[in-house]
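Me: Could you take a close look at one part of this model for me, the central strand and whatever packs around it? I'd like one connected walk-through, with the cut-offs spelled out.

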Amino acid sequence: MPGFLRRTLTLMAIALLVLACTRTETDAPALAVAANTPPAPAALDMGIRWVRTAAEYDAISRSAYRTALDALANKIADKTWTALPGQTDAENLPPAIIFDVDETVVSNVEFQATFIRPFNDSKLNDWNNANVAVPVPGVVEFANRANELGVTLFFLTNRPCFEMAGDPDPCPQQETTYQDVAESGVPVDKDRVMLVGQQPEWTSEKSIRRNFIARSHRVIMLLGDDLGDFIACTRKKPLEPCTEEATVATRDAASKNYQDYWGNGWYILPNPMHGSWVSAR
Ligand SMILES: [Mg+2]
């Protein structure tokens, strides 16, 4: 075979190989999710996969609730104790526990795994109305024991109130949230389910609602999956009384500043799927 022909054939072979490689890459099953279909399990982000399938998620959640359960009797008995920094003169107030709802009491991982992006509150509300709530591991035993011991349970969620066509209720989401907590097997009074917008000053800055509860109750424990369930001003968008956006550095400093509370009145559940940590820079 003449040299020029051999070189030409070699070059053509290389060109075909490059083309084949390029096509293989291009034609590989898309990890990106089409606009109108739920993501396939293999395409889910690692956080959702972890909560949905890892036994480690179950173990950590149970550990948090077990730690809280073991501390319950002492926190009730010690009238000088409060889990709200700055709460004073609470000795004679009845004890209360403040729970967040999503990923603290009820698990929405199946919603996270299947909803069509982008997120909006209506999609979660519709899904919650259509599905029986699943409890986060450990919460049912803990909440029932606290209830038996006479502790008042509050459920403080950043689900917002919004009007729905044909429904005169200005906040039908309160009923949905109440039903979700009840379905999960946790004792709940609808009057103690507190959503964003139920009162004009109730924003997603939860410290305002925590302080509202502190007027009538000694808050002995906080349970949540987000730093904002425990500490004020942890969100990128500052809302009253916060004046500056939270950053990775300010959030980290806040966690360390209150380190004595972690596992001691404050019990945090794992949530690698979403939260105020996502937007912090
Ligand atoms: Mg939550």
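Reply: Sure. This is a predicted model, so local features are given where pLDDT is at least 70 and side-chain atom pairs count only at pLDDT 80 or more, while totals for chains, interfaces and linings use all residues. Residues are numbered from 1 along each chain as its sequence is written.

Let's begin with strand 1 (95–99). Helices (H or I, at least four residues) and strands (E, at least two) are DSSP runs, numbered from the N terminus. The protein chain has 9 helices and 7 strands. Confidence is highest in strand 1, at a mean of 99, on pLDDT, the predictor's 0 to 100 score for each residue.

Strand 1 is mostly covered, with 5 of its 5 residues buried. Buried here means 20 or more other C-beta atoms within 10 Å of the residue's own; 12 or fewer is exposed and anything in between is partly exposed, with C-beta atoms placed from the backbone. Pro-95, Ile-97 and Phe-99 point one way from the strand, and Ala-96 and Ile-98 point the other way. That fits the general pattern: in a regular strand the side chains alternate between the two faces of the sheet.

Now the strand's partners. Strands count as paired if DSSP finds at least two bridges between them. Strand 1 and strand 6 (218–224) run parallel over 5 bridges, and Ala-96 has Val-219 as its bridge partner there. Strand 4 (152–160) is also parallel to strand 1, through 4 bridges. On that side, Ile-98 is bridged to Phe-154.

Phe-154 is a good place to step outwards. Setting aside residues up to four places away in sequence, Phe-154 touches Ala-96, Ile-98, Phe-99, Arg-192, Met-194 and Ile-213. A contact means that the two C-beta atoms, placed from the backbone, lie within 7 Å.

Phe-154 also belongs to the largest nonpolar core, which has 47 residues. A core of this kind is a set of buried Ala, Val, Leu, Ile, Met, Phe, Trp, Tyr and Cys residues joined through C-beta atoms within 7 Å. Those with the most contacts inside the core are Ile-97, Ile-98, Phe-99, Val-105, Leu-153, Phe-154 and Phe-155. Elements that each supply at least two residues include strand 1, strand 4, helix 6 and helix 3. Strand 6 gives the largest share, 5 residues. There is a second, separate core of 6 residues, and among them are Ile-48, Val-51, Tyr-57 and Val-109.

Tyr-57 takes us to helix 3, where it is one of the buried residues along with Ser-61, Ala-64, Tyr-65, Ala-68 and Lys-75. The buried residues of helix 3 pack against helix 2 (46–53), helix 6 (139–148), strand 6 and strand 7 (266–268). Helix 3 covers residues 55–77, 23 residues in total, and reaches 34 Å from its first C-alpha to its last, close to the expected 33 Å. That expected span is 1.5 Å times one less than the number of residues. Helix 3 also has a kink of about 45° centred on Ala-71, the bend being the angle between axes fitted to the seven residues ending there and the seven starting there.

Between helix 3 and strand 1 there is a loop, and Asp-89 sits in it. Asp-89 has a positive phi of about 55° although it is not a glycine, and it counts as exposed because it has 8 C-beta neighbours inside 10 Å.

On the far side of strand 6, the loop to helix 9 (248–257) has its own details, including a cis peptide bond between Glu-240 and Pro-241 with omega about 5°. Cys-233 lies in that loop too, with a positive phi near 60°. Cys-233 is partly exposed, because it has 19 other C-beta atoms within 10 Å. Thr-247, in the loop as well, is exposed, with 12 such atoms. Leaving aside its neighbours within four places in sequence, Thr-247 is in contact with Ala-280 and Arg-281.

As for how far to trust the rest, the protein chain averages a pLDDT of 89, and 86% of the residues score at least 70. Over residues 13–33 the pLDDT is below 50, and this stretch has 4 contacts in the model beyond near neighbours in sequence. Where pLDDT is low, the predicted coordinates should not be read in detail.
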